[in-house]
Amino acid sequence: MKRIALCGIAVIASLAIGSVSAQEKKSLAFVVNGASDFWKIAEAGVKKAQSELPKYELSLKYPEQSAAAIQQRLMDDLVAAGTDAIMVSAVDPKTSTEALNRVAGQVPLFTTDSDAPNSKRIAYIGSSNVELGKDAGGLMKKALPNGGKCVGFVGLPGADNARERIEGIKEALKGSKVELTDVRGDDIDQTRAKRNVEDALAANPNIDCMVGIYSYNTPRIYEVLKEAGQIGKIKIIGFDEDPITLGGVREGTIAGTVVQNPYEWGYQGMKLMAKYLEGDKSGIPAGGLIIVPGKVIEKANVDAFEAELKARIAGK
């Protein structure tokens with residue numbers, strides 16, 4: 001009986017140690033700005049980081065809706081649940097500074113994709129959206145060597161990533177005969193995104209090109225133009241690597257797309273936050289900006305890019 005009792009104590013002690021060990025794991029969260037297939041690539045990067053950070057619990061969280069208040073509530077809930085550090089693509093940084101600072105006052109806060117430079121975030125890791133916009137402007141000029149008028153479509157016009165991409169496009173178009181005449185927002189509502197394209201086509205039947213500034217905008221442009229029999233007649237320039245977008249680039253119906261590297265945001269961002277929590281701040285540059293370069297994808301390099309992308313998502 002004594003031996004059985006001792007064994008029982010040993011089992012209980014072992015379970016207790018396991019429980020304590022589990023509780024000691026720190027948690028890191030990546031909060032995105034809305035539901036989009038674009039973020040699946042970032043999830044693959046987070047998964048890769050998880051394999052290298054066994055002492056941490058990593059997660060990627062989607063707000064129920066692309067609204068600053070809903071995203072903020074999600075972050076508040078994460079803090080209340082004991083999350084140790086958060087990286088966020090801010091929905092509307094201009095109006096959310098106070099709320100973001102409240103989070104930053106409780107846990108280390110990092111930004112990605114859409115920065116909030118006026119907040120107390122520790123660092124931004126992501127693209128230079130101005131440079132991405134310049135790349136898109138270059139594609140527009142290449143597609144329209146004789147000039148033309150273009151309409152842009154975007155999810156969150158107030159977000160820094162959208163504003164800066166538009167700024168970059170306009171900068172690249174200066175001195176050319178290509179114009180960006182209008183930009184229509186949709187609040188990451190797929191139905192509205194498609195309707196925006198339909199409305200723009202109806203209002204501007206002689207438009208020369210359309211630009212999808214968020215990942216899902218280009219597929220909606222493609223769908224509407226295909227339904228209207230305008231594929232090939234109106235030039236399409238995109239951002240990001242939606243399968244429809246890459247397929248259009250391959251067949252030549254989309255002039256090109258400017259891609260980012262959300263895989264590295266997820267991978268490097270999680271690793272950066274873990275090091276920060278461990279007291280290693282060497283990865284934080286003086287300016288707080290960690291720029292992950294983008295790339296221009298055209299027909300000549302789309303196959304190689306897609307093969308690399310599929311391998312990453314598959315964890316290879």
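**Salt bridges and one helix side**

Helix 8 spans residues 217-227, and within this helix Arg220 and Glu223 sit three residues apart, which is about one turn of the helix. The model discussed here is predicted. The side chains of Arg220 and Glu223 meet in a salt bridge, with 2.8 Å from N to O. The two partners can be placed by their accessibility. Arg220 has a relative accessibility of 14% and therefore counts as buried, since the limit for that class is under 20%. Glu223 has a relative accessible area of 24%, so this residue is partly exposed.

Elsewhere, salt bridges that share partners link Asp160, Arg163, Glu164 and Glu167 into one network. In total the structure holds 22 salt bridges.

Helix 5, residues 129-143, offers another pair within one helix: Lys134 and Glu131 both belong to it, three residues apart, or about one turn of the helix. Their side chains form a salt bridge at 3.4 Å, N to O. Lys134 is partly exposed, because its relative accessibility is 32%. Glu131 is also partly exposed, because its relative accessible area is 41%. Both values fall between the 20% limit for buried and the 50% limit for exposed.

A further salt bridge joins Asp115 to Arg121, and its closest N and O atoms are 2.9 Å apart. Here Asp115 and Arg121 are both buried.

The remaining element to follow is helix 11. Helix 11 consists of 12 residues, 302-313, and the distance from its first C-alpha to its last is 16 Å, close to the 16 Å expected at 1.5 Å a residue. Which residues of helix 11 are buried? They are Val302, Phe305, Glu306 and Leu309. These residues lie on the same side of helix 11 because they cover an arc of only 95 degrees around the axis.

The next point is what lies over that side. The cover on the buried residues of helix 11 includes two helices, helix 2 (39-52) and helix 9 (243-251). It also includes two strands, strand 10 (256-259) and strand 12 (295-297). After helix 11 comes Gly315, which has a positive phi, near 80 degrees.

Technical notes
Residues are numbered from 1 along each chain as its sequence is written. This is a predicted model: local features need pLDDT of at least 70, side-chain atom pairs count only at pLDDT 80 or more; totals for chains, interfaces and linings use all residues. Side-chain values use heavy atoms; hydrogens and water are left out. Helices (H or I, at least four residues) and strands (E, at least two) are DSSP runs, numbered from the N terminus. The expected span of a helix is 1.5 Å times one less than its number of residues. Buried means under 20% relative accessible area, exposed over 50%, partly exposed in between (1.4 Å probe, protein chains only). The arc is that of the directions from the helix axis to the C-beta atoms. Contact means heavy atoms within 4.5 Å. A salt bridge is a side-chain nitrogen of Lys or Arg within 4 Å of a carboxyl oxygen of Asp or Glu.
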